[in-house]
Amino acid sequence: MFLCGIEIKFSTFSMRNVELTFNDLPQVVAELRDEVSGMKVALLDLQKGQIKQQKTERIRRTMNVEEAAVYLRMPLNTLYMKLQKGEVPGTKPGKRWLLFNDELDKWLEVKRKNAVPLTSEEENEAILTSHSHKPKKREW
């Protein structure tokens, strides 16, 4: 049997209807152990392949304005206007604008109207850092 390009062999005992005895138990357990370890190796290989694919997707990539407009799903004229005002991170080494996908992702995160929900510990820390002095008793 093939699973994601990896061949999996079934044991001889699972392929035929044989009544197992107590004496067959060590051999059956050894075959099961081999099958499980083979499946574990196959799964780890698949996971490594997915991690490598995710890392290659995160590579910093330059884009021109047209590509960035498609990436941001923003009209081209609006993007030019925001670039000229300095609202969108970009650089203009010559006549053309260059933008980086990771900088655009960070810019989008900062400009969110609905912030990512904080955990209770993060909320408490934000409250404590926002108050620099202890309130007076009469203000309680």
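The charged end of Arg60 sits over the ring of Phe100, 3.9 Å from the ring centre. This is a predicted model. Aromatic pairs number zero in the structure.

Arg60 also takes part in salt bridges. Side chains of opposite charge can pair when their charged atoms come close. By the rule applied here, the count is four salt bridges. Three of the bridges, including two with Arg60, are tabulated below.

| Acidic residue | Basic residue | Closest N to O distance |
|---|---|---|
| Asp34 | Arg33 | 3.4 Å |
| Asp102 | Arg60 | 3.4 Å |
| Glu103 | Arg60 | 2.7 Å |

Take Asp102 and Arg60, whose closest N and O atoms are 3.4 Å apart. Asp102 lies in helix α5 (residues 101-110), while Arg60 lies in the loop between α2 (25-57) and β3 (62-63), so the pair ties together parts that are 42 residues apart in sequence.

Glu103 meets Arg60 at 2.7 Å, N to O. Glu103 is in helix α5 and Arg60 in the loop between α2 and β3, so this pair ties together parts that are 43 residues apart in sequence. Through shared partners, salt bridges join Arg60, Asp102 and Glu103 into one network.

How accessible are the members of that network? Asp102 is partly exposed at 25% relative accessibility. Glu103 is partly exposed at 26%. Arg60 is partly exposed too, at 45%.

The salt bridge between Asp34 and Arg33 has its closest N and O atoms 3.4 Å apart. Asp34 is partly exposed, with a relative accessible area of 44%. Arg33 is exposed, at 56%.

Key
Residues numbered from 1 in each chain as written. Predicted model: local features only at pLDDT ≥ 70, side-chain atom pairs only at ≥ 80, totals over all residues. Heavy atoms only, no water. Phe/Tyr/Trp six-rings, centres within 6.5 Å; stacked < 30°, edge-to-face > 60°. Lys NZ or Arg CZ within 6 Å of the ring centre and 35° of its normal. Salt bridge = Lys/Arg side-chain N within 4 Å of Asp/Glu carboxyl O. Buried < 20%, exposed > 50% of the residue type's maximum accessible area, 1.4 Å probe, protein only. Helix = DSSP H or I, 4+ residues; strand = E, 2+ residues; numbered from the N terminus.
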